[in-house]
Amino acid sequence: MSDQSDKTNISRRNALKLGLAAGVGLTVFGMNARIVMAEEGQVLKVANPAFDQDWSPLRGGGRTFRWNSIWWASPMYFDSEGNIKPYVFTSWESADNTVWTFKLDPKAVFSDGSKITSADVKGSWEVSSMPNTKNQRADQVLSRVKGYPEIAAGSGTELTGVATPDEGTVVVTLGAADPIFFMRLANHIAPITKASQSRGSDGEEIIDWYKPDSKPVFSGPFKLTSIDIDAGKLSFEPNENFFGPKPKLARIDITSIEDNVTATSLIKSGEFNAHTELVTSTIIQDLGPEFSAGPLIPTSQHFWFNISRAPMDDPKVRQALIMAVDRDGLFKASYPDGPHKKADQILNSVPGAENSGFEPYPYDPAAAKKLLAESTYGGPERLPKILFVGISGPAIQAAAQFIAEQWRQNLGITAVDMKPQQDSYAGPDQNSVQIFRDDVGTRVPDAVSYLAGSIASTSSNAQNKLGGYKNDKVDSALAEATTKAADDPQRIALAQEAQKAFREDWAFIPWYSQAMSRWATKEVKGLEKNLDWQVVEPWNISIG
């Protein structure tokens, strides 16, 4: 391993930053790539869109998180169809949805052959919960566990609600009943590590513990064999002691290539066969439909109205702005070839999304013009300038510009502005913005969780994007729904009622439901991903 780059690596990185696609790809990568493929065949060559400096598996998000599953195991996982599968945990049960008992697979071992124990699970969860670890989404998994609030507040270091009666059993006590707690564990947000290696005596994460020089052991199907941060290069090889199916790949190489044009050129030429996340407006034309195809995941993108900001404080203005937009045209203007799908509502890819009772907003320019005239503003001339934020990237720009043009043609509105920044307008500065483009979603296939993070008054989206939105019907339906078991039809019915109540507030322009793209050439098999952007079964990846 090396954290230093030689002159060749420095020049290569600088060249890639300048976007010298063809020359760099053929001269620097070409010969070596062809030799590797000829000799070994089963090598996944991944282009990563940035020189990420931190590859710790405990960050719970970001680009590097999307490869967590190749080298770390999780308690359970969701497949690409949203079905939960056992992994390190083989069973889970609870009599009251407050105390949960999990059993570990007795065959589960680390890459050195040592047993994965309940103490490793508890320690991994605890180090992921520590504020200094900066895990972006540990709260989504563990916030209901007793002891987590104290750890998150910096006043504790132990999950007091996690007991380990023996090395093969984990018992979790929650602060309040949660019928879907087991679902929250089925991801790699807080992966299972050997706790004695990842966590120090002070409870904090040990710096660089996962790098080969520290001689770590791994729980997933592959192990990290080399990493050069400055050059942006990592290599993974099969974990010979993996307790699951034997990996089909001989190696996974990840190389940082910041320029999308360069990456596209190298993939087209065959030098690379996969990408971490390649989003361009011409991706289908450049690399074919197979490259970005994938299942819809419970994530959707919409244009949210700040209802506390003029003119969005007038319901008739909001209704007029929505009904003046041809949403079929909106989707075609942004993703004419997919892989995403036009959305009519918030929910998608969770039980209850189909036949939800949510009536799609109509496209009716005449009615929209009449509503605007009836509003307190009386027409387009008295409206303040409408500011969109979160308008970054070609597809998003195309969508926002289409909306603005529809308003110009159908309502006579011309005072519209757009800015790429979004985070800088959250909180108290949100009153300078009328429309936020942002995604909402859930990491578990559950309609209640989806809407609780989207339209409940306690959600960040409601507070920071919808301008402090609160609808008592929405809140009460979701609150009651959370008490129902995962398989109780009332759980879904109540979520659907909440979404229908939100519809009547006319507070967003639906845009699209998101597909989880493969980002791999058609020769790559088994690279399906799940609702949490994770490679579902990395041991099944093969080339050709």
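This passage looks at a six-stranded sheet and at a helix that lies across part of it. The model is predicted, so local features need pLDDT of at least 70 and side-chain atom pairs count only at pLDDT 80 or more, while totals for chains, interfaces and linings use all residues. Residues are numbered from 1 along each chain as its sequence is written, and side-chain values use heavy atoms, with hydrogens and water left out.

Six strands (DSSP runs of E, at least two residues, numbered from the N terminus) make up an open, mixed sheet in the order β13-β17-β12-β16-β14-β15. Two strands count as paired if DSSP finds at least two bridges between them. The edges are held by β13 (341-342) and β15 (416-419), each with a single partner strand, so one side of each has no neighbour in the sheet. Further in, β14 (residues 386-389) runs parallel to β16 (residues 435-441), and two bridges join them. Phe388 has Ile435 of β16 as its bridge partner.

Helix α13 (helices being DSSP runs of H or I, at least four residues) lies across β13 and β17 (508-515), at about 45° to β17. Axes are lines fitted to C-alpha atoms, for helices over the stretch in contact, and angles run from 0 to 180 degrees between N-to-C directions.

The axes of α13 (residues 327-334) and α15 (residues 394-411) come within 8 Å and cross at roughly 150°. That makes α13 roughly antiparallel to α15 (angles over 145 degrees). Contact, meaning heavy atoms within 4.5 Å, involves Gly329, Leu330, Ala333 and Ser334 of α13, together with Ala395, Ala398, Ala399, Phe402 and Ile403 of α15.

Terms used:
Angles under 35 degrees count as roughly parallel, over 145 as roughly antiparallel, 65 to 115 as roughly perpendicular and the rest as oblique.
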